[in-house]
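I opened the notebook today to look up a few places in this structure, one after another. My notes follow the order in which I looked.

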Amino acid sequence: MDYSLYHRILGSLAGTAIGDAMGAATELLTEEEIVKRFGAPVESFKKPPLANPYAGGREAGQITDDASLTFYLAETYINAKGKLSPQLVADTILRWSENGEYFPRFAGPTTKTAVERLRAGEDPVVVGRHEEISPGGVTNGGAMKVSPAGLVNPGNLKQATQDAVVICRPTHGTQIAMSGAAAVACAVAEAVTERATVMSVIKAAQQGAIDGEHLGRQVGRIAAGPSVVKRIELAIHIALTTADADTACRRIGQYVGSGLHTAEAVPAAIGIFLAMGGEPLATIKWAVNVGDDTDTVACIAGAIAGAFAGFDRIPKDLYEQVTKINNLRLEELATGLTELAQRDS
């Protein structure tokens, strides 16, 4: 086993869990409200406010739908030996939806609607497109769980993009969601390689967004909404032209957004990764404190930064806490994913 690759994959899984769990406490709050409620920016696991409609009542350090679906999908990849199909992804989502710990509380509007139809036996490809004229399918539920598509395809942006599109089809079958998911998958696919630099990861994300949108227009529903490609360009511009990294992240939240829409959450995560130079904890902390859909932004950003920097750069205390609280076996997942990633080598 290539332990360099293994540690990058484990770093990504750890970043996913830590970002999601830490961001659960700040979700739907503004940056100012976060400081007011917690006394300072959140830099460790906190108990979410009871008023939070999703994580309210949960304990500090518990993960949400973002990381849990990522890990369910990672298991599916391993069991299927890397051969995904829309039906297999749909089956995974349905199995996840039976877990009372996550689905009733956390599932977003697009995923909830899709699960109802999938349970009724409808064709996953048809379900994921939603209606001919619909607001569905443009939220970030495809992008939040897609990092395994990058982990098992190191350096292979074409396959990572194709897998990202397959992952989106049962629930988020639009060109917008597919563009965002492919951007994340490609960023991770590049980040786990030894040659990766911060800018090569950014360029991979841009290419993924372009190719994902192209494929999405071929196989999905063309939905109204902002361009993920253009929003990523804006986030990159802000990160590169703002002298102070903290100010850059704050401006990304203000100008790009960090909400439920794919064209906000994905570009925000990529921009924050760039502004923080790929350092995992700094990236996660700013994603947690930028406001709005913080668990998703931090989950995505943590997946990319963890893959880039590797497990050695992940704070061990946070890793031990999140794995213990959620009974996670990330080393086993990392081993299985690493073996898949090396299947053609």
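Before starting, I wrote down that a residue counts as buried when its relative accessible area is under 20%. I also noted that this is a predicted model.

Entry one, a glycine. I looked up Gly212, which lies in helix 11, residues 198-219. Its relative accessible area is 0%, so I entered Gly212 as buried. Leaving aside residues up to four places away in sequence, I found that Gly212 touches Thr161, Gln175, Met178, Ser179 and Ala182. I also checked Thr174, which is 38 residues from Gly212 in sequence, while the two C-alpha atoms are 9.9 Å apart in space.

Entry two, a pair of helices. I noted that two packed helices are described by the angle between their axes and the distance between the axes. For helix 9 (residues 157-168) and helix 10 (residues 175-191) I recorded an angle of about 140° and axes 8 Å apart, which makes helix 9 oblique to helix 10. The contact includes Leu157, Ala160 and Val165 of helix 9, and Ala177, Met178 and Ala181 of helix 10 are among the residues on the other side. Sorted by class, the contact of helix 9 with helix 10 has 12 nonpolar residues, one polar and one charged. I entered the crossing of helix 9 past helix 10 as right-handed.

Entry three, helix 14. Helix 14 covers residues 262-275, and its 14 residues reach 20 Å from the first C-alpha to the last, close to the 20 Å expected at 1.5 Å a residue. Because 13 of the 14 residues are buried, I described helix 14 as largely enclosed by the rest of the structure. After helix 14 comes Gly277, with a positive phi near 65°.

Key:
Residues are numbered from 1 along each chain as its sequence is written. This is a predicted model: local features need pLDDT of at least 70, side-chain atom pairs count only at pLDDT 80 or more; totals for chains, interfaces and linings use all residues. Side-chain values use heavy atoms; hydrogens and water are left out. Axes are lines fitted to C-alpha atoms, for helices over the stretch in contact, and angles run from 0 to 180 degrees between N-to-C directions. Helices (H or I, at least four residues) and strands (E, at least two) are DSSP runs, numbered from the N terminus. Angles under 35 degrees count as roughly parallel, over 145 as roughly antiparallel, 65 to 115 as roughly perpendicular and the rest as oblique. A crossing is left-handed if the near helix is turned anticlockwise from the far one by less than a right angle, and right-handed if clockwise. Contact means heavy atoms within 4.5 Å. Ala, Val, Leu, Ile, Met, Phe, Trp, Tyr, Cys and Pro count as nonpolar, Asp, Glu, Lys and Arg as charged, and the others, Gly among them, as polar. Buried means under 20% relative accessible area, exposed over 50%, partly exposed in between (1.4 Å probe, protein chains only). The expected span of a helix is 1.5 Å times one less than its number of residues.
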